[in-house]
Amino acid sequence: MLPKPVLARAQAEMLDWHGSGMSVMEMSHRGKEFMGILAKTEADFRRLLNVGEQYKVLFLQGGAIAENAMIPLNLLAGQSADYAITGGWSKRSVDDASAYGKIKVVASSERTAYRQVPDFASWTLDKKAAYLHVCTNETMSGVEFVDMPDTQGVPIVADMSSHILSRQIDVSQYGVIYGGAQKNIGPAGLCLVIVHEDLLGRASPLTPAVFNWKTQAENQSMINTPPSYSIYIAGLVFEWLLEQGGVAAIEKVNVAKAKLLYDYIDASDFYVNHVALQNRSRMNVPFFLHDESLNAAFLQGAEAQGLLQLKGHRAVGGMRASIYNAMPIAGVQALVAYMQAFEHAH
Ligand SMILES: *Cc1c(COP(=O)(O)O)cnc(C)c1O
């Protein structure tokens, strides 16, 4: 979900942005109005995550899945890369990257149904790898990293699509951070890439110009028309987040929301979550009813109360509550109250 104040402001500014006589949708992306929106959006994003000067921030199209292919094209330069499989999205990253060079799977929790991040001591990291790829929050199975392995200088490339801005991170631990906007930032169509400048300039000549990070960094992400309306909404979300007190403040709310839901699930013998305690995602909480024949009734009753989109990912089944930044704690309280009532009724 998106914050209500953001949607209301987009509505108020829909027909005429700040007296310009235009909707943001109608602006030239190179005009002074939109260039101002882009500059402010980037500055606020950098402030929220404390992104250092050595990093470029790119506003690209194609989503995280396009980046899955563009990461090896931009970074492999004839070397191999290490990948950890911790869920459906990082597995997809391996599949997408494999066409472009040698990809080594250094850890996998696939055979144990993605219930935890494999112990770092078991990872077979290659000191000569071009990079290590991880997905730090597995959206389908609800598995989140709490720390990073020691790669001895090999840059870490992290897909943070579904938990970026939900918790404080140390950007300097990463070579590249990327994520589609539509989980925790704004509407679909925008993909953010944070890349250390030392990693620019390695791209294969086959890399499309719109996906060449160096070219885009040198052209303010404007080698093509950027997804301007999605960038504008992302900018409103960043302003909202800063008003809430930034990432540190929203992280506290996220911890409280997740605790409320997991504590209830763990105390009940009607619902279950299978993820190891230390890797339980604060953003995506998958859970199952012990009696799966009640799934349809559960979803129907939830919808009647305005508790929407609780059906689990089709690859996982069961239920999934996605409790991103914009979900207020009252939303989680309402869900728990409904789950309790449903448990009693059945
Ligand atoms: C949703 C998601 C993706 C896919 O994003 P697209 O915008 O569809 O390319 C990739 N990785 C993670 C972790 C996701 O949650």
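A residue counts as buried when its relative accessible area is under 20%. By that criterion, in this predicted model, strand S2 is covered on both faces. Strand S2 belongs to an open sheet of 7 strands, and a further open sheet is formed by 3 strands. The points below treat strand S2, the two sheets, the helices that lie across them, and three individual residues.

**Strand S2 and its burial**

- Strand S2 spans residues 80-85, and 6 of its 6 residues are buried, so the strand is largely enclosed by the rest of the structure.
- On one side of S2, the buried residues are Ser80, Asp82 and Ala84.
- On the other side of S2, Ala81, Tyr83 and Ile85 are likewise buried.

**Pairing partners of S2**

- Strand S3, comprising residues 102-108, runs parallel to S2 and is joined to it by 6 bridges.
- Within this pairing, Ala81 is placed opposite Ile103 of S3, and Ala84 is placed opposite Ala107 of S3.
- Strand S4, comprising residues 132-135, also runs parallel to S2, and 2 bridges connect the two strands.
- Tyr83 of S2 has His133 as its bridge partner in S4.
- A right-handed β-α-β unit is made by S2, helix H4 (residues 88-97) and S3.

**The sheet of 7 strands**

- The strand order in this open sheet is S1-S9-S8-S7-S4-S2-S3, with mixed pairing.
- Its edges are formed by strand S1 (55-60) and S3, each of which pairs on one side only.
- On average, and with direction ignored, neighbouring strands of this sheet are turned by 20 degrees against each other.

**Helices H3 and H4**

- Helix H3 (residues 63-75) lies across six strands of the model, namely S1, S2, S4, S7 (156-159), S8 (176-180) and S9 (191-196).
- The direction of H3 is at about 155 degrees to that of S8; angles over 145 degrees count as roughly antiparallel.
- Helix H4 lies across S2, S3, S4 and S8, and runs at about 155 degrees to S2.
- The axes of H3 and H4 come within 8 Å of each other and cross at roughly 50 degrees.
- This crossing angle makes H3 oblique to H4.
- The contact involves Ile65, Asn68, Ala69 and Pro72 on the H3 side, and Trp89, Arg92, Ser93, Asp96 and Ala97 on the H4 side.
- The crossing in which H3 passes H4 is right-handed.

**Asp96 in the helix contact**

- Asp96 is located in helix H4.
- With a relative accessible area of 17%, Asp96 is buried, because the cut-off for that class is under 20%.
- When neighbours within four places in sequence are set aside, Asp96 is in contact with Ile65, Asn68 and Ala69; these residues are among those that H3 contributes to its contact with H4.

**The sheet of 3 strands**

- Strands S10, S11 and S12 form an open sheet in the order S10-S11-S12, and the pairing is antiparallel.
- The edge strands are S10 (271-272) and S12 (319-322), each pairing on one side only.
- S10 is joined to strand S11 (residues 284-289) by 2 bridges, and the two strands run antiparallel.
- Val272 is placed opposite Phe288 of S11.
- Helix H7 (residues 246-267) lies across S10, S11 and S12, and its direction is at about 20 degrees to that of S11.

**Loop residues with positive phi**

- Most residues other than glycine have a negative phi.
- Gln152 has a positive phi, near 55 degrees, although this residue is not a glycine.
- Gln152 is situated in the loop between strand S6 (143-144) and S7.
- The relative accessible area of Gln152 is 56%, so this residue is exposed, the cut-off for exposed being over 50%.
- Gln220 likewise has a positive phi, of about 50 degrees, without being a glycine.
- Gln220 is situated in the loop between helix H5 (213-218) and helix H6 (228-243).
- Gln220 is exposed as well, with a relative accessible area of 54%.

Terms used:
Residues numbered from 1 in each chain as written. Predicted model: local features only at pLDDT ≥ 70, side-chain atom pairs only at ≥ 80, totals over all residues. Heavy atoms only, no water. Buried < 20%, exposed > 50% of the residue type's maximum accessible area, 1.4 Å probe, protein only. Helix = DSSP H or I, 4+ residues; strand = E, 2+ residues; numbered from the N terminus. Pairing = 2+ DSSP bridges. Right-handed = clockwise from strand over helix to strand, strands pointing away. Axes fitted to C-alpha atoms, helices over the stretch in contact; angles between N-to-C directions. Contact = heavy atoms within 4.5 Å. Parallel < 35°, antiparallel > 145°, perpendicular 65-115°, else oblique. Left-handed = near helix turned anticlockwise from the far one by under 90°.
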